[in-house]
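Subject: The structure for you to look at

Hi,

Here is the structure I said I'd pass on. Have a look at it first, then read on for what turned up.

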Amino acid sequence: MPVRQATAPQALVRGGTTTSAYDRQLHDQRQDTHRRRSAVDQMRAIKRLDPQGTVFKTHALGGQRTHASIVLAMKHPKDNQILDWMVCEFSEQGKDGDLLLVMCCPRCVFQLGRPMGEAQFHIQEANRKFYFTPAPPKWNREFGHIWRNPKDPNEVVTIAGTIDMPEWGHCPHLGCRWRFTIEDSILYTG
Ligand SMILES: [Zn+2]
């Protein structure tokens with residue numbers, strides 16, 4: 001699979017547009033890992049900068065880890081449209097090479113107002129029985145392993161492959177219990 005340095009954070013990409021001012025702000029936030037804003041402040045700032053929707057990004061977990069990326073499309077239950085995307089860190093762990101996917105819970109972020117760093121969780125191939133195939137997802141067949149953020153053409157991600165997780169998983173964070181399955185790197189929630 002394509003591998004690169006851990007420079008790209010996990011991201012939730014939401015319908016709407018972003019501004020360069022907001023991108024700059026995200027960059028500044030990444031530089032300042034000590035500054036933690038409360039969830040309320042964060043949501044206020046997001047609303048002020050982009051009332052139509054926004055791109056959510058988080059700090060990369062851990063130090064200089066080599067990892068690849070998985071992009072999950074988020075299908076909306078109502079109209080079946082794909083408007084949101086989740087950019088996940090994907091890596092191998094330990095001597096057995098167990099595959100690890102770092103996800104970010106959209107319910108924690110968008111409904112419970114939690115900071116991105118506190119909405120992340122891991123799923124492991126061994127525990128959750130997700131399946132990885134090195135081919136790109138069907139919905140990105142036109143571009144193969146290259147995913148370009150539709151809301152920000154400057155953001156390009158190399159997709160390692162496709163994830164399937166037929167059994168229900170859930171967000172482990174307190175008071176959330178967001179449920180999901182994954183098919184062809186599309187997230188279905190229930
Ligand atoms: Zn959650």
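A quick word on terms before we start: helices and strands here are DSSP runs, with at least four residues for a helix and at least two for a strand, numbered from the N terminus. Counted that way, the protein chain has four helices and 13 strands. Keep in mind that this is a predicted model.

Now the chain as a whole. It has 190 residues, and 29% of them are buried. Take the contacts with a separation of 6 or more: 66% of them link residues 24 or more positions apart.

Next, the inside. The largest nonpolar core has 33 residues, and the ones that touch the most other members are Ile70, Leu72, Met86, Cys88 and Leu101. Among the elements that give two or more residues to this core are strands E4 (66-75), E5 (82-93) and E6 (98-104), along with helix H3 (106-111).

E6 is a good place to zoom in. How many of its seven residues are buried? Five, so to speak of E6 as mostly covered is fair.

And what does E6 pair with? On one hand there is E5, which runs antiparallel to E6 and is joined to it by five bridges. In that pairing, glutamate 92 sits opposite leucine 99. The two strands make a hairpin with four residues between them, and glycine 94 in the turn has a positive phi of about 70°. On the other hand there is E7 (residues 120-124), also antiparallel to E6 and joined by five bridges. Here leucine 100 is opposite glutamine 124.

Cheers

How values were computed: Residues numbered from 1 in each chain as written. Predicted model: local features only at pLDDT ≥ 70, side-chain atom pairs only at ≥ 80, totals over all residues. Buried ≥ 20, exposed ≤ 12 C-beta atoms within 10 Å, placed from the backbone. Contact = placed C-beta atoms within 7 Å. Core = buried A, V, L, I, M, F, W, Y, C linked by C-beta atoms within 7 Å. Pairing = 2+ DSSP bridges.
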